[in-house]
Amino acid sequence: MTRASVVAGVGSRLPSRCVTNDDLARTLDTSDEWIRARTGIARRYVADAGTDTSDLAAGAAERALASARLSPAGVDTVIVATTTPDRPCPATAPTVAAKLGLGPVAAFDVSAVCSGFLYALATASGLIASGAAEHVVVIGAETFSRILDPADRSTSVIFGDGAGAVVLRAGTPDEPGALGPLLLGSDGTGVDLITVPAGGPGRPDAAGADTGSAGRYFTMQGKKVFWLAVQRMGECAATVLGRAGWRVEDVDWLVSHQANHRITARLADEIGIPPERSVSNIAEVGNTAAASIPLALDHAHARRLFRPGDRLLLTAFGGGLTWGAAALTWPAIDPV
């Protein structure tokens, strides 16, 4: 029988420091009302100077392993999706594996910004389908606060830090937890719409002539990104539904990247999914980029929104430009 990737556990980790909209209003020309109206965000979490992306990733992975009732000895692969690795070189995943005490397992990063978790999920699924892996920990983790311009209210009010993780195991396509069809896409002509201009070998200095001193900060062209995000996520979600043989009314839950509440609401409307069946935790954690979908999954699971066998439609859009969607039936697992 064909091998399938099955979700066996889920977990998440947030930094301890909570930053409210009122906190931001003390240093920015903004207000709680302004931020809530435009983004739907009430608070976000920010890592302190002593907390690395790998720390959040390892914390989320520990909880996912506990949820899966799997010992570290059973893991053979770790994949970390992140835009904010501990350092440019080496990858963060080997550090995470070491912090988990996993030994000499395969470990590597995936970089697709807010679509990163779905890209990592697809990679893990391929490893399991080929027989190269049996148990894969897939993590989305970010310390996005460290690449934001603290004086830019268009970005600094949106993003937060955190990590979410799932454990995938080899299984069969007909069991609860099985990952269904996946679709990924990209468009490099939109590279400048969501970017950190400086820092790569081509532009190593933040104060380059074409970037200015702000070149090391994350930038986003919000209006263009809004419509592209809705369009691309809607299109790939529709394709995945067709490949899975699901009708829109068969979907129990839409779990989309938590960009802002306007995008998630418009996307649900475009797909035809009622708002009450669209998972949202952006008010509590903000936009956590690659950590967004696994955090939303874990938080919804902790609230017992999902029942075993529920049909979930996952979709995301991020820098690159990149996007993706996946079908998933929810397993019978205990919250941690």
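The legends below describe close-up views of a predicted model.

**View 1. Helix α3 and what surrounds it.**
Helix α3 covers residues 53-68. With 16 residues at 1.5 Å a residue, the helix should span 22 Å, and its end C-alpha atoms are indeed 22 Å apart, so the two values agree. Twelve of the 16 residues are buried, which means that α3 is largely enclosed by the rest of the structure. These buried residues are Thr53, Ser54, Leu56, Ala57, Ala58, Gly59, Ala60, Ala61, Ala64, Leu65, Ser67 and Ala68. They pack against the strands β1 (4-13), β6 (135-142) and β7 (162-171), and against helix α4 (93-99).

**View 2. Arg69, just after helix α3.**
Arg69 follows α3 and is found in the loop between α3 and β4. Its phi is near 55°, a positive value in a residue other than glycine. Most residues other than glycine have a negative phi. Arg69 has a relative accessible area of 69%, and because exposed means over 50%, Arg69 counts as exposed.

**View 3. Helix α5 and the residue after it.**
Helix α5 runs over residues 116-130. Its 15 residues, at 1.5 Å each, should span 21 Å, and the distance between its end C-alpha atoms is 21 Å, so the expected and modelled values agree. The buried residues of α5 are Gly116, Phe117, Leu118, Tyr119, Ala120, Leu121, Ala124, Ser125 and Ile128. Just after the helix, Gly131 takes a positive phi of about 90°.

**View 4. Leu127 in helix α5.**
Leu127 belongs to helix α5. Its relative accessibility is 23%, so Leu127 counts as partly exposed. Leaving aside neighbours within four places in sequence, Leu127 is in contact with Thr77, Ile79, Phe108, Ala132 and Ala133. Leu127 and Ser5 are 122 residues apart in sequence, but their C-alpha atoms are 9.2 Å apart in space.

**View 5. Val113, in the loop before helix α5.**
Val113 lies in the loop between β5 (106-110) and α5. Although Val113 is not a glycine, it has a positive phi of about 55°. Its relative accessibility is 15%, so Val113 counts as buried.

**View 6. The packing of helix α7 with helix α8.**
Helix α7 (residues 222-244) and helix α8 (residues 261-271) pack at an angle of about 40°, with their axes 9 Å apart. That angle makes α7 oblique to α8. The crossing of α7 past α8 is right-handed. On the α7 side, the contact is made by Phe226, Trp227, Ala229, Val230, Met233, Gly234 and Ala237. On the α8 side, the residues are Arg262, Ile263, Arg266, Leu267, Glu270 and Ile271. By class, this contact has nine nonpolar, one polar and three charged residues. An α-helix has 3.6 residues a turn, so residues three or four places apart point the same way.

**View 7. Ser256 in strand β11.**
Ser256 is part of strand β11 (residues 253-256). Its relative accessible area is 0%, so Ser256 is buried. Apart from neighbours within four places in sequence, Ser256 is in contact with Thr264, Leu267, Ser292, Ile293 and Thr315. One of these residues, Leu267, also takes part in the contact of α8 with α7.

**View 8. Leu193 and its contacts.**
Leu193 is found in the loop between β8 (179-186) and β9 (194-195). At 12% relative accessibility, Leu193 counts as buried. Outside its neighbours within four places in sequence, Leu193 is in contact with Thr219, Met220, Gln221, Lys224, Val225, Leu228 and Leu321. Leu193 and Gly318 are 125 residues apart in sequence, while the distance in space is 9.7 Å, C-alpha to C-alpha.

**View 9. Two cis peptide bonds.**
Most peptide bonds are trans. The bond that joins Cys89 and Pro90 is cis, with omega about 5°. Pro90 sits in the loop between β4 (77-81) and α4. The peptide bond from Gly320 to Leu321 is also cis, with omega near -10°. Leu321 lies in the loop between β12 (311-318) and β13 (322-329), and Leu321 is among the residues in contact with Leu193.

How values were computed. Residues are numbered from 1 along each chain as its sequence is written. This is a predicted model: local features need pLDDT of at least 70, side-chain atom pairs count only at pLDDT 80 or more; totals for chains, interfaces and linings use all residues. Side-chain values use heavy atoms; hydrogens and water are left out. Helices (H or I, at least four residues) and strands (E, at least two) are DSSP runs, numbered from the N terminus. The expected span of a helix is 1.5 Å times one less than its number of residues. Buried means under 20% relative accessible area, exposed over 50%, partly exposed in between (1.4 Å probe, protein chains only). Contact means heavy atoms within 4.5 Å. Axes are lines fitted to C-alpha atoms, for helices over the stretch in contact, and angles run from 0 to 180 degrees between N-to-C directions. Angles under 35 degrees count as roughly parallel, over 145 as roughly antiparallel, 65 to 115 as roughly perpendicular and the rest as oblique. A crossing is left-handed if the near helix is turned anticlockwise from the far one by less than a right angle, and right-handed if clockwise. Ala, Val, Leu, Ile, Met, Phe, Trp, Tyr, Cys and Pro count as nonpolar, Asp, Glu, Lys and Arg as charged, and the others, Gly among them, as polar.
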